[in-house]
Amino acid sequence: MTLREYLTSKTFFGQLFLAFIITIAVGFLLLQYLDFSTNHGEEIAVPNLSKMSTEQAEEVLDDADLDYVVLDTVDFNPEFPKFSVVQQDPAPGEKVKSDRKIYLKINSGGYSTIRMPELVEKTLRNAESTLQSAGLTLGSLTYKPYIGKDMVLEVKCNGKTVKAGEKILKGSKIDLVLGDGSGGFEDEEDAQEQIDSLP
């Protein structure tokens with residue numbers, strides 16, 4: 001039988017059809033294997049770990065067939081318990097596959113200490129900006145007679161006068177005593193005496 005006769009014979013077409021069927025079958029089995037090995041379609045909703053301790057989060061994630069990694073400790077947030085989960089990635093409710101690592105950020109154990117910045121003789125606007133940059137909170141404002149309106153005359157924390165450089169807890173509430181802009185001075189000597197009397 002010549003090659004031409006073979007290529008047009010029933011035998012050749014039968015073998016070609018058989019090879020096609022085998023190729024389809026192998027491709028189908030390969031796809032099934034890949035689906036099985038990658039858990040295709042079997043996704044897990046990430047649980048909400050907010051405010052959980054690392055021990056509680058580990059237990060919840062183990063039950064969900066997930067893992068975790070602690071990325072960092074963040075500045076103390078009073079809205080969360082000490083050493084609890086503050087942030088997580090992926091977010092709660094996102095669909096992931098088993099064994100996926102959930103990345104956690106943990107609340108610190110308390111406020112760190114910082115040095116009180118210099119606020120006396122600054123304007124209220126400048127003082128507020130300085131407090132925010134230092135991680136402090138502006139508390140109550142009280143006024144007393146002084147020619148400089150909204151100028152900081154005294155700084156207090158928990159009712160006690162605080163001077164620049166003293167150590168206080170980050171996040172503390174700082175109360176300010178300000179000038180009300182009233183009054184005047186007879187001469188420059190009186191003005192200097194009032195400035196010198198500032199704490």
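These entries record what I looked up in a predicted model, beginning with a sheet and ending with the nonpolar cores.

**Entry 1, the sheet.** I looked up the strand order and found an open sheet of three strands, E2-E5-E3, with mixed pairing. I then noted that strand E2 (67-74) and strand E3 (85-89) stand at the edges; each has a single partner strand, so one side of each lacks a neighbour in the sheet. For the twist, I recorded that neighbouring strands are turned by 25° against each other on average, direction ignored.

**Entry 2, one strand pair.** I examined E3 with strand E5 (residues 101-107) and found antiparallel pairing over four bridges. Within E5, I identified lysine 105 as the residue opposite glutamine 87.

**Entry 3, the helix on the sheet.** I checked what helix H3 (residues 54-63) touches: H3 packs on the sheet and touches E2, E3 and E5. I recorded about 155° between the direction of H3 and that of E2.

**Entry 4, the largest core.** I turned to the largest nonpolar core, which has 15 residues. Met116, Leu119, Ile174 and Leu176 touch the most other members. I noted that helix H4 (124-133), strand E8 (152-157) and strand E11 (173-179) each supply at least two residues of this core.

**Entry 5, leucine 119.** I listed the contacts of leucine 119, leaving aside neighbours within four places in sequence: Ala127, Thr130, Leu131, Val152, Val155 and Leu176.

**Entry 6, another core.** Apart from the largest core, I found another of 13 residues, including Leu61, Ala64, Leu66 and Ile106. As background, I noted that nonpolar side chains tend to be buried together in soluble globular proteins.

Note on methods:
Residues numbered from 1 in each chain as written. Predicted model: local features only at pLDDT ≥ 70, side-chain atom pairs only at ≥ 80, totals over all residues. Heavy atoms only, no water. Pairing = 2+ DSSP bridges. Axes fitted to C-alpha atoms, helices over the stretch in contact; angles between N-to-C directions. Contact = heavy atoms within 4.5 Å. Core = buried A, V, L, I, M, F, W, Y, C linked by side-chain atoms within 4.5 Å. Buried < 20%, exposed > 50% of the residue type's maximum accessible area, 1.4 Å probe, protein only.
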